[in-house]
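Me: I am new to this structure. Please show it to me, and then let me ask a few things.

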Amino acid sequence: MHYDDPKKRHLTSLKPETQALHANVVADPHTNAIAPNIVMSVNHSFSPDQGAFSAQGIDDVTDAPFLYAGWTNPTVRLLEQRLCALEHAEDALATASGMAAISGLFLSLLKAGDHLIISDVCYAGVFEFATQMLPRYGIEVSIIDTNCTVSVQNALKENTKLVHIETPCNPLLRLTDIQSLSTLLKAHNVLLSADSTFSTPVITRPITLGADIVIHSLTKFINGHGDVLGGVILGSKALLKPIRAMAGAYLGAALSAQSAWLIMRGMETLYPRMKTLCDSALEIACWLEQQPRVRRVLYPGLESHHQFSLAKQQMDFFGGIIALQVDDMDLIEQRFASEAAIFDYAFSIGHQRSLAVAMRTDDLDSSTYRFTPEQRARFCNDAGKGVIRLSIGLESPKDLIRDLAHLLR
Ligand SMILES: Cc1ncc(COP(=O)(O)O)c(C=O)c1O
């Protein structure tokens, strides 16, 4: 497979929709096949004088020979390069899941004595990993309202190494102002990583706003079909070099070629899929606000969202996830689970088909967040007793609204 086709060198001037389809894709030189090949081989033959035989020793993986799929593989590498084009990143490491990307990032960049700041509301797996496992390795973790730059500023310490945010965050759709936070952190020499799973590069490009690292669960919108797990860490070559060695090679986070190929195939339609489902989500969110059983709709595209002006500033669309508070959680949860015609009652987000799941404050508090009274009050302010999280798919919004009207009758 060739990555440097002279015919395609001007691709940076193309629109992102076109780049999503063409960046780094070239016809197979032996067969002229125009769809990317899948290379399943774990090993590649080499000559003993090739150099770099340790993952740590590879300075620029783009030019390094393929040796072993634990470090990189041609199909996985192609996915990484195509994601770099969309996120304006120099380098990327694709991983076996979104959690492998996040745990790999934390364990590669942090050591005993370092301090990590994470958001007081974020994906449960990240929260539990950071609060339950990292302290075992001597890493100090602070739980902060990262949506407020001043709160982060007040939480910074001499040993703070990394601030990890989700914007919008799961499940409350709060936003973090990437630009103002990155300005603050750069002044303190602290790295900023942004989990952009809810946004995708179609909506926000965190590196262009000053973030050092972007994380995606590729399992979600980027693959978009609910049939493969994957993740990615994107950033500068200098940051990715130790991450590739430690997370990729030593922790074994590498993505399989088969998964990479499937994700690439899903990614080809990312732009039209996102635009369609974002339009539907906005229409549905506006409709939900009018429903008598709905107490509150959390969606960054609504004027009622407390960060609507930030949303307009840093998001090109407002995403496919909506969270709503209802007047009778027991009844409505039961109806979603047993009566929904179109929504599947299931965890996860970002599939082509719409999903719904109830997330109760008490359950999250006892199993994941273990809030302080102040954190719980802030959470309840948005979520009340809990939210129904909707992940809008590619169905007609009219049909989704009919399904919701029945469930919210
Ligand atoms: C924002 C966010 N980041 C990371 C993850 C973890 O991704 P994965 O399920 O691919 O491990 C999730 C999963 O839901 C998520 O919502």
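Me: Which residue has a polar backbone atom 2.9 Å from an oxygen atom of the ligand?
Reply: The model is predicted. The contact uses the backbone and an oxygen atom of the ligand. The residue is Met-99.

Me: How far is a nitrogen atom of the ligand from an N or O atom in the side chain of Asp-195?
Reply: Asp-195 is among the residues that come nearest to the ligand. Its side chain offers an N or O atom to a ligand nitrogen. The distance is 2.7 Å.

Me: What is the distance between a polar side-chain atom of Thr-219 and an oxygen atom of the ligand?
Reply: Thr-219 is also listed with the residues that come nearest. Its polar side-chain atom and the ligand oxygen are separated by 2.6 Å.

Me: What share of the ligand's exposed area does the protein bury?
Reply: Taken alone, the ligand exposes 390 Å². It sits in the second largest pocket. The share buried by the protein is 91%.

Me: Which helix gives the most residues to the shell around the ligand?
Reply: The shell divides into 4 nonpolar, 7 polar and 3 charged residues. One helix, spanning residues 98-109, gives 3 residues. That is helix H3.

Me: Which strands stand at the edges of the open sheet?
Reply: The sheet has 5 strands in mixed pairing, ordered S8-S9-S12-S11-S10. An edge strand here has a single partner, so one side is left without a neighbour in the sheet. The edge strands are S8 (294-298) and S10 (344-345).

Me: Which residue in S11 is the bridge partner of Tyr-345?
Reply: S10 pairs with S11 (residues 355-360) in the parallel sense, over 2 bridges. The bridge partner of Tyr-345 in S11 is Ala-356.

Methods
Residues numbered from 1 in each chain as written. Predicted model: local features only at pLDDT ≥ 70, side-chain atom pairs only at ≥ 80, totals over all residues. Heavy atoms only, no water. Near = heavy atom within 4 Å. Polar contact = N/O pair within 3.5 Å; in protein donor to acceptor, adjacent residues only side chain to side chain. Areas by Shrake-Rupley, 256 points an atom, 1.4 Å probe, with all protein chains shown as cover. 1 Å grid on protein atoms, 1.4 Å probe; cavity = no way out; pocket = protein on both sides within 12 Å on 5 of 7 lines; lining within 4 Å. Sits in = over half its atoms within 2 Å of the grid points. Helix = DSSP H or I, 4+ residues; strand = E, 2+ residues; numbered from the N terminus. Nonpolar A, V, L, I, M, F, W, Y, C, P; charged D, E, K, R; others polar. Pairing = 2+ DSSP bridges.
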